[in-house]
Each structure stands twice: as structure tokens, then as C-alpha cells.
Amino acid sequence: MKKTGLSAMIVLLVIALVMVSGCGPKEKDPIEGLAAKYAENNANGENLYISEDGTTLYYGKDGKSDMTFTGMVEFPEDGLLYIENGVWNEEFTGIYRPSSGEPGYYVAYGVFSEKNGLRLLPDGKVALLKKGRTWDEKRLYENTDDGNFYYLEEGIWQSDYTGIFASATTGKVYNIVNGTLLIETLLVDDGQGRMIYMEYGVWNPNYTGTFTDKDGNVWNIKDGVMVPDKA
């Protein structure tokens with residue numbers, strides 16, 4: 001009986017202490033108390049910490065994790081790593097776009113990869129890369145493997161786009177069908193109520209004459225634009 005009474009008193013004392021302190025056990029920071037495997041990064045002053053069991057790589061500063069951070073961080077042995085919500089996402093393959101608006105990073109299994117040319121992404125999209133960064137301006141890209149010219153915006157092939165593309169680089173207007181330059185001679189709606197003369201996929205504003213379509217209709221063309229009446 002004395003033992004039981006003493007045990008009960010101890011339990012009551014512990015409960016009272018918890019109530020006085022106003023809380024129970026504190027939720028620990030994910031990297032609090034863990035030794036930093038890698039010290040402050042020499043390039044940008046940002047830290048990466050690895051868990052004691054070696055399974056998780058956290059981003060943080062001064063021994064505290066920052067679970068709000070998403071971005072690329074230098075890792076001494078492996079280059080740039082993709083950190084998502086404070087943790088290295090080693091499963092991610094795709095394009096990471098910084099909120100600053102700079103070109104995207106091509107990430108393969110959580111690591112920045114300096115690839116060039118067209119690259120198929122897991123979501124089925126195709127990215128155009130230059131040393132692992134996306135070519136973000138609107139452009140046509142010639143793929144020497146298949147001879148096609150692909151239309152890209154923000155570094156991604158626009159496979160669903162059909163219409164014209166006015167290049168700020170070349171000053172020419174191209175005919176795009178399903179994201180690819182259609183190298184044919186025909187009349188195309190320019191979206192401004194005109195039918196323009198596309199010669200092998202490129203608008204020829206200098207052409208004046210006639211054009212016979214695939215149905216045998218003959219049209220008058222003046223300065224690369226169809227005159228409404230047939231010839």
C-alpha cells in the first residue's frame with residue numbers, strides 16, 4: 001500500500017509539473033541536434049545537413065532547417081541539388097523554374113544535369129536545353145536527328161500549337177502545325193482576317209502573282225496577301 005501511494009504521488013507530481021510548464025514534449029526541429037555533415041557552403045553560404053541515419057538531406061542555416069525553401073543548392077560532391085520544401089527531392093526529374101523568372105534547371109533524380117538539345121520529360125513534354133538550362137524565348141529549333149523544326153515557348157515544345165509564329169530573331173513569319181514547321185506552300189489565316197502566302201512554310205511578303213490550291217482554285221496574291229476574289 002505504501003508503494004502504491006508513493007507511485008501515485010510521483011505521477012501526480014509529474015502531471016502538475018507539465019501543467020505548470022504549459023506544454024508537453026516539444027516538437028523537435030528536423031535537424032536540431034544533428035551534426036552537419038557538410039559545413040557552410042563556400043559558394044553561397046547555405047547549409048545542407050544529413051540525418052544521423054543518412055536517409056534524409058535537409059536544407060537549413062545555423063543548425064535549423066528551413067522547410068519553406070525550394071530551390072537549387074550547391075552540394076560539395078554532387079553539384080546543384082534540387083531542394084523541395086526544405087528536403088532534397090531525389091525522386092524529381094523535370095524542369096525546376098525559379099520564381100525569379102530566370103531559365104529553368106533540368107533536374108534528373110534530384111541533381112542538376114547539364115544536358116543539351118531536346119529532352120523528353122516524365123510528364124511527356126519535351127524541353128530544349130543548353131547546358132542544362134531551358135531556352136526560354138520563343139523559337140524554332142532544328143532537330144538534326146529527324147530534320148524537323150520544333151516550335152518552343154519557355155523551353156518547352158508546344159506540340160498542341162497550330163498557327164503562325166513571327167520570330168523576333170529572324171524577322172520571318174512561319175507556319176506551325178502541331179508544334180512543327182509545315183514546309184509546304186499554301187495560304188494560311190494570319191489571325192487578322194487575312195490569308196497570307198506561305199512559301200515552303202515561310203511567309204513571302206514580296207510575292208505578287210497567282211496561287212493554285214490543292215482543289216484547283218486559283219487565287220490572286222499581292223505582296224504576300226490573298227486578294228479576296230479568285231483570279
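Begin by selecting Phe211, which counts as buried at 11% relative accessibility, and keep in mind throughout that the model on screen is predicted. Add Tyr197, which is also buried, with a relative accessible area of 7%. The ring centres of Tyr197 and Phe211 lie 5.8 Å apart with the planes at 65°, so this pair is edge-to-face. Because Tyr197 belongs to strand S20 (residues 195–199) and Phe211 to strand S22 (residues 209–212), the pair ties together parts that are 14 residues apart in sequence.

Widen the view to the whole structure, where a search finds twelve aromatic pairs. One of them to select next is that of Tyr151 and Phe165, a tilted pair at 4.8 Å centre to centre with 50° between the planes; Tyr151 sits in strand S14 (residues 149–153) and Phe165 in strand S16 (residues 163–166), 14 residues apart. Tyr151 is buried at 3% relative accessibility, and Phe165 is buried at 5%.

Now move to Tyr105, which forms one aromatic cluster with Tyr82, Phe92, Tyr96 and Phe112. Show Arg133 as well, since this residue lies over the face of Tyr105, at 3.7 Å from the ring centre.

Next, select strands S4 (residues 71–75) and S5 (residues 79–84), which run antiparallel and are joined by five bridges; within them, Val73 has Leu81 of S5 as its bridge partner. S5 also pairs in the antiparallel sense with strand S6 (residues 87–88), over two bridges, and Glu84 stands opposite Val87 in S6. Two residues separate the strands in this hairpin of S5 and S6, where Asn85 takes a positive phi near 50°.

Finally, display the full chain, which holds one helix and 24 strands, and in which buried residues make up 32% of the 231 residues.

Terms used:
Residues numbered from 1 in each chain as written. Predicted model: local features only at pLDDT ≥ 70, side-chain atom pairs only at ≥ 80, totals over all residues. Heavy atoms only, no water. Helix = DSSP H or I, 4+ residues; strand = E, 2+ residues; numbered from the N terminus. Buried < 20%, exposed > 50% of the residue type's maximum accessible area, 1.4 Å probe, protein only. Pairing = 2+ DSSP bridges. Phe/Tyr/Trp six-rings, centres within 6.5 Å; stacked < 30°, edge-to-face > 60°. Lys NZ or Arg CZ within 6 Å of the ring centre and 35° of its normal.
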